[in-house]
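Here is a short briefing on one protein model. Keep the sequence and the 3D view open while reading.

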Amino acid sequence: MCGIVGYVGPKDATPIIINGLKRLEYRGYDSAGVAVINNGQIDVRRDAGKLQQLVDLLGKSPLTGAPGIGHTRWATHGAPSARNAHPHVGNTGKMVVVHNGIVENFLELKEELGAEGVIFNLDTDTETIVHLAEHNKAAGISFEEAARRTFKQIEGANVVLLLSTDEPDKIIAARIGNAGGIVVGLGEGENYLASDIPAILEHTRRMIFLESRQMVVLTKDSFRIETIDGEEVKPEIHTIAFDAVSAEKGEYRHFMQKEIHEQVRALTDTLAGRVDFKEGRIRLPELNLTPELAKRIQRIYITACGTAAYAGMVGKYLIEKIARIPVEVVIGSEFRYSDPIVDENTVVLAISQSGETADTLAAMEEGRKKGGIVWSIVNAIGSQAMRVADGYISMQTGPEIGVASTKAFTAPLVDQYMLAILLADLRGVIDEKTRRELVSDLRLVPDLAGRVMDSEADVEKVAHALKDIKGCLYLGRGINMPIAYEGALKLKEISYIHAEGYPAGEMKHGPIALIDEEMPVLCITPKDPWHEKMISQIQQAKARGGMVIAVATEGDDLVKNMADHVLWVPEAPWMLSPIITVLPLQMLAYHIATIRGLDVDQPRNLAKSVTVE
């Protein structure tokens, strides 16, 4: 969460930082601010609310100078307000900070600093950092050494950027733990810092990703990266291929709508270079999977949070069905506390769009500590989850800006399907005919997804019929049961309508009591092995006066004659059907939210990348 941008160079920092923050606003939008050094003084503008509030403030009270740092906030300590907005300036007025994460020992530090006469004016844990850095600097040491001491003293997962008027030619930054990424962008006579690639991609494609417990001293002409303990680091410089235009809305009203439609391309890209249709084989070279390793695997844990966890639930069906390996899905925030049974024959597979989700990274670390094989499926190139894994699968979807994930849900469904085939092939548990058929089915996916996109106008009509509902039950069975969870989550996230996903067979064990004429029931009913059972669920809901919305296969007259509304999808191989059935649910949630006049891309209380527990 929390977006950070920094610039050091000859240009005015303010417009560079503001433009970067616009591309990071999805990471936090309850307040924003920018600080620059101007004529030897720190000058700050900040305000509560979305970034536009800060832009308006800058229009009334311009700010020029360099270097500079900026921030969009998602509050963890202290209510969203102008006074709690970052950047924070120290008591001396000579140092300023922006921060992402949680300083777990801030109360102890605050008490110690207070005893030394330091005055605290805010409600945030971040204020502790700048006061601590100033306190360290007062001992007569350099800015760099004061920053280093500060980084060592704060506990928890944090990213920190510091500026000082005593050494106004530099920014010092550190990554401590898994509080989200920090990217160093290398320019010509100027350099950049950001939480994520899109913020600075228009300026440079040459980037370095800081690892945990690393710090960078950045000037306009140089960078130096060391560990917080002072050991020199020779980093890898990456050349990023993302096109900055892909982070723009283009013809679409919202990023979410754009990203829903981008799934056709994203699914095509996910297959590119990995599927050999001629030989009927899957290639996932970055996974570093050998026949010996595949045969050794006895269990797989899939760990993830939110939407990614529901993708993992689909993956469990696929891997167990195709590769015949036992799979357990564990929510990332619970994994390390469950004392999981992991050994050298166990895979811990993490799924994360950002690759920086704190709980998921902690689960990966737990798996490694216990001697497991750690893999990741991740979208953000160069992210922590990609770098620390023994092997990875890149989603290849491009940047996802909308907070409610769409293409980063469907891509890992394909990734796990491919993984299941590869594991089965290497383990010798699948015959050639079956393998070729499963691989061949993948060529259908982009076209099937495109056909669903063509039905958006029909989905929007259903959205108008549902715009005033107070709640909704989503029911699914088998491989489409997780799609009920995901569909309900999308409705909750962006429309603020209470929705619950249930295994359809569990309806009689409690949820059926909720069904009446005011409780719509959405049934995911494609032609799959559970079709007959789902027909029964529709009948039970109708018998109790419920409005039924069905996701159904084109031409299914049985469903058509029973349901009040139908979201049609083309017929698909049942193991790939979740990729198709989720698409109308994404569009339905999107259109209900837009009809209700809500901010789809930035729903309240949510941030794109959850980098604190």
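Buried here means under 20% relative accessible area, and exposed means over 50%. The model is predicted. Two topics follow from that: a sheet with a buried strand, and a charged patch on the surface.

**The sheet**
- Six strands make an open sheet in the order 5-6-7-8-12-13, and their pairing is antiparallel.
- Strand 5 (88-89) and strand 13 (223-227) are the edges, and each of them pairs on one side only.

**Strand 8: enclosure**
- Strand 8 covers residues 171-176.
- Six of its six residues are buried, so strand 8 is largely enclosed by the rest of the structure.
- In a regular strand, side chains alternate between the two faces of the sheet.
- Ile171, Ala173 and Arg175 point one way from strand 8.
- Ile172, Ala174 and Ile176 point the other way.
- Both sets are buried, and Arg175 is among the buried residues.

**Strand 8: its partners**
- Strand 7 (residues 158-164) pairs with strand 8 in the antiparallel sense, over five bridges.
- Strands 7 and 8 form a hairpin, with six residues between them.
- Within this pair, valine 159 stands opposite arginine 175 of strand 8.
- Strand 12 (residues 214-218) also runs antiparallel to strand 8, and five bridges join the two.
- Alanine 173 has valine 216 of strand 12 as its bridge partner.
- Isoleucine 172 has valine 217 of strand 12 as its bridge partner.

**Glycine 101 and arginine 175**
- Glycine 101 belongs to strand 6 (residues 95-101).
- Is glycine 101 buried or exposed? Glycine 101 has a relative accessible area of 8%, so it counts as buried.
- Glycine 101 and arginine 175 are 74 residues apart in sequence.
- In space, their C-alpha atoms are 9.9 Å apart.

**The negative patch**
- Which residues gather in a patch of negative charge on the surface? They are Glu104, Glu108, Glu111, Glu112, Glu116 and Glu155.
- Glutamate 116, one of this group, sits in the loop between helix 3 (106-115) and helix 4 (126-137).
- Why does glutamate 116 count as exposed? Its relative accessibility is 56%, and the cut-off for exposed is over 50%.

How values were computed
Residues numbered from 1 in each chain as written. Predicted model: local features only at pLDDT ≥ 70, side-chain atom pairs only at ≥ 80, totals over all residues. Heavy atoms only, no water. Patch = residues over 30% accessible without salt bridge, like charges linked within 9 Å, V, L, I, M, F, W, Y side chains within 5 Å. Areas by Shrake-Rupley, 256 points an atom, 1.4 Å probe, with all protein chains shown as cover. Salt bridge = Lys/Arg side-chain N within 4 Å of Asp/Glu carboxyl O. Lys, Arg positive; Asp, Glu negative; His and termini not counted. Charge placed at Lys NZ, Arg CZ, Asp CG, Glu CD. Helix = DSSP H or I, 4+ residues; strand = E, 2+ residues; numbered from the N terminus. Buried < 20%, exposed > 50% of the residue type's maximum accessible area, 1.4 Å probe, protein only. Pairing = 2+ DSSP bridges.
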